[in-house]
Amino acid sequence: MPASYRISEAAALLGVSDDTVRRWIDSQRLTASRQGGGPAVVDGAELARVATGLHEAPEPGTTPSSARNRLTGIVTRVVRDTVMAQVELQAGPYRLVSLMSREAADELGLEPGVRAVATVKATQVSVDVP
């Protein structure tokens, strides 16, 4: 059975108010249906379509994080395959290596010589550009 969501659930998933979802239904940006006289529901696939166009990705480094260990350095090597990328960063005396999706490395523009920030939290190292 395909997924469907009540208006309040759709709003929570999209990070908007219930009223916004209702306005989108009224303007035909989203389609809602009623099953057996019950509450209006939105098809999950259609909700996913709208969700992908809602927000641009945040600028690198603008997303709040609880990680405190941030090391600024320079990218020294990037090895990409079809799915993953290995990024090496020299931050002062520290050499850090991060494995990430190739898509993430491409979107960040990671290449040798690019300044980047490694964020270390527990056993995870995230690389970002300032």
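Two strands pair if DSSP finds at least two bridges between them. Helices (H or I, at least four residues) and strands (E, at least two) are DSSP runs, numbered from the N terminus. The model is predicted: local features need pLDDT of at least 70, side-chain atom pairs count only at pLDDT 80 or more, and totals for chains, interfaces and linings use all residues. Residues are numbered from 1 along each chain as its sequence is written, and side-chain values use heavy atoms, with hydrogens and water left out.

**Exercise 1. Describe the sheet that holds strand 3, beginning with the bridge partner of R6.**

Step 1. R6 has V41 in strand 3 as its bridge partner.

Step 2. Strand 1 and strand 3 run antiparallel and are joined by 3 bridges.

Step 3. Now take the whole sheet. It is open, has 3 strands in the order 1-3-2, and is paired antiparallel. Strand 1 (4-6) and strand 2 are the edge strands, each pairing on one side only. From one strand to the next, the twist averages 45 degrees.

Step 4. Add the helix. Helix 1 packs on the sheet and touches strand 1 and strand 3. Its direction makes about 100 degrees with that of strand 1. Axes here are lines fitted to C-alpha atoms, for helices over the stretch in contact, and angles run from 0 to 180 degrees between N-to-C directions.

**Exercise 2. Is V42 buried or exposed, and which residues does V42 contact?**

Step 1. Place the residue. V42 is in strand 3.

Step 2. Apply the cut-offs: buried means under 20% relative accessible area, exposed over 50%, partly exposed in between (1.4 Å probe, protein chains only). V42 has 0% relative accessibility, so it counts as buried.

Step 3. List the contacts (heavy atoms within 4.5 Å). Neighbours within four places in sequence aside, V42 is in contact with A3, S4, Y5, I25, L30, T31, A32 and L47.

Step 4. Check a distance. V42 and I7 are 35 residues apart along the chain, and their C-alpha atoms are separated by 7.0 Å.

**Exercise 3. Which residues of helix 2 are buried, and what follows helix 2?**

Step 1. Helix 2 covers residues 18-26, and T20, V21, W24 and I25 in it are buried.

Step 2. Look down the axis of helix 2. The buried residues fall within an arc of 140 degrees, so they line one face of the helix. The arc is that of the directions from the helix axis to the C-beta atoms.

Step 3. Find the packing partners. The buried residues of helix 2 pack against helix 1 (7-14), strand 2 (32-34), strand 3 (40-43) and helix 3.

Step 4. Move past the helix. Q28 follows helix 2 and sits in the loop between helix 2 and strand 2. Q28 is not a glycine, yet its phi is positive, about 70 degrees. With a relative accessible area of 68%, Q28 is exposed.

**Exercise 4. Examine two glutamates, E46 and E88: where does each lie?**

Step 1. E46 lies in helix 3 (residues 44-52). At 16% relative accessibility, E46 is buried. Beyond four places in sequence, E46 contacts R29, L30 and T31.

Step 2. E88 is in strand 5 (residues 84-91). A relative accessible area of 8% makes E88 buried. Not counting residues up to four places away in sequence, E88 touches I74, V75, T76, R77, R95, L96 and V97.

Step 3. Trace the pairing of strand 5. Strand 5 and strand 6 (residues 94-101) pair in the antiparallel sense over 8 bridges. M84 has S101 in strand 6 as its bridge partner. The two strands form a hairpin with 2 residues between them. In the turn, G92 has a positive phi of about 60 degrees.

**Exercise 5. Summarise the whole protein: how many helices and strands does the protein have?**

Step 1. The protein has 4 helices and 8 strands. Along the sequence the pattern is β-α-α-β-β-α-β-β-β-α-β-β.

Step 2. Of the 130 residues, 29% are buried. The protein exposes about 8600 Å², with carbon and sulfur atoms supplying 52% of it. Accessible areas come from the Shrake-Rupley method with a 1.4 Å probe; for residues, only the protein chains shown count as cover.

Step 3. Among contacts with a separation of 6 or more, 41% join residues 24 or more positions apart.

Step 4. Finish with pLDDT, the predictor's confidence in each residue, from 0 to 100. The average is 84, and 85% of the residues score at least 70. Among the elements, strand 8 (residues 124-128) has the lowest mean pLDDT (74) and helix 4 (residues 102-108) the highest (95).
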